[in-house]
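Please take a tour of the model below, one selection at a time. Keep the viewer open and follow the stops in order.

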Amino acid sequence: ETMQIALDRRTAAGELLAKPGITDVSRAAIMRAETVYGAYEYFEEEQKGRLLPGMRADMVRLSADPMTAPVEEIAGIKVLETYKDGNVVYSA
């Protein structure tokens, strides 16, 4: 949902936050904000936020790729599985 809002620049109520081109941000930058920088904010950047050897495997499997899905469909992407430390802890 946050990625869709950042790309579309509209609130859940449909209010336009900024005109296109004024505050454009890439999907990659949004994904980094939600993963790498999110871990940094919690002082967990040495353990989480990236998929690398030795890092904790906390991640989700989604019903669609938010990096390529149409903007208006991103918020509707479903979580199919959640992994914590490499183990499935939720499965739809």
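**Stop 1: Glu 81**

Select Glu 81 and Tyr 83: their side chains are joined by a polar contact of 2.6 Å. A polar contact here is a pair of N or O atoms within 3.5 Å; within protein, one must be able to donate a hydrogen and the other to accept it, and residues adjacent in sequence count only if both atoms are side-chain atoms. The model is a predicted one, in which local features need pLDDT of at least 70 and side-chain atom pairs count only at pLDDT 80 or more, while totals for chains, interfaces and linings use all residues. Residues are numbered from 1 along each chain as its sequence is written, and side-chain values use heavy atoms, with hydrogens and water left out.

Glu 81 is part of strand β2. Helices (H or I, at least four residues) and strands (E, at least two) are DSSP runs, numbered from the N terminus. Glu 81 counts as buried because its relative accessibility is 14%; buried means under 20% relative accessible area, exposed over 50%, and partly exposed in between (1.4 Å probe, protein chains only). Now show what surrounds Glu 81: leaving aside neighbours within four places in sequence, Glu 81 is in contact with Met 59, Val 60, Arg 61, Val 88, Tyr 90 and Ser 91. Contact means heavy atoms within 4.5 Å.

**Stop 2: the whole chain**

Zoom out and colour by secondary structure. The chain has three helices and three strands, in the order α-α-α-β-β-β from the N terminus on. The C-alpha trace spans about 40 × 30 × 20 Å along its principal axes. Of the 92 residues, 17% count as buried. Among contacts with a separation of 6 or more, 37% are between residues 24 or more positions apart.

**Stop 3: the loops**

Select Asp 85, in the loop between β2 (79–84) and β3 (87–91). Asp 85 is not a glycine, yet its phi is positive, about 55°. At 42% relative accessibility, Asp 85 is classed as partly exposed.

Go next to Ser 63, in the loop between β1 and β2. The C-alpha atoms of Ser 63 and Asp 85 are separated by 21 Å, with the two positions 22 residues apart along the chain. Ser 63 is partly exposed, at 41% relative accessibility. Which backbone nitrogen does the side chain of Ser 63 reach? That of Lys 78, at 2.9 Å. Beyond four places in sequence, Ser 63 is in contact with Ile 77, Lys 78 and Leu 80.

Then select Phe 43, in the loop between α3 and β1. Phe 43 has a phi near 60°, a positive value in a residue other than glycine. Its relative accessibility is 73%, so Phe 43 counts as exposed.

**Stop 4: Ala 39**

Ala 39 lies in helix α3. Is Ala 39 buried or exposed? Ala 39 counts as buried, at 7% relative accessibility. Outside four places in sequence, the contacts of Ala 39 are Glu 44, Glu 45, Lys 48 and Gly 49. For a distance check, the C-alpha atoms of Ala 39 and Lys 78 are separated by 22 Å.

**Stop 5: Gln 4 and the nonpolar core**

Move to Gln 4 in helix α1 (residues 2–8). Gln 4 counts as buried because its relative accessibility is 18%. The side chain of Gln 4 reaches the backbone nitrogen of Ile 74 at 3.4 Å. Not counting residues up to four places away in sequence, Gln 4 touches Arg 9, Val 71, Glu 72, Glu 73, Ile 74 and Ala 75.

Select Ile 74 next. By the same sequence cut-off, Ile 74 touches Met 3, Gln 4, Leu 7, Arg 27, Pro 66 and Ala 69. Ile 74 is also one of the six residues of the largest nonpolar core, with Met 3, Leu 7, Ile 30, Ala 69 and Ile 77. A nonpolar core is a set of buried Ala, Val, Leu, Ile, Met, Phe, Trp, Tyr and Cys residues joined through side-chain atoms within 4.5 Å.

**Stop 6: the largest pocket**

Finish with Met 31, Glu 34, Thr 35, Met 59 and Val 60, which lie nearest the centre of the largest pocket among its 24 lining residues. The elements that give two or more residues to this lining are α2 (27–34), α3 (36–41) and β1 (59–62). The largest share, three residues, comes from β1. On a 1 Å grid over the protein atoms alone, a pocket is an open set of points where a 1.4 Å probe fits, with protein on both sides within 12 Å along at least five of seven lines; lining residues have an atom within 4 Å of a point.
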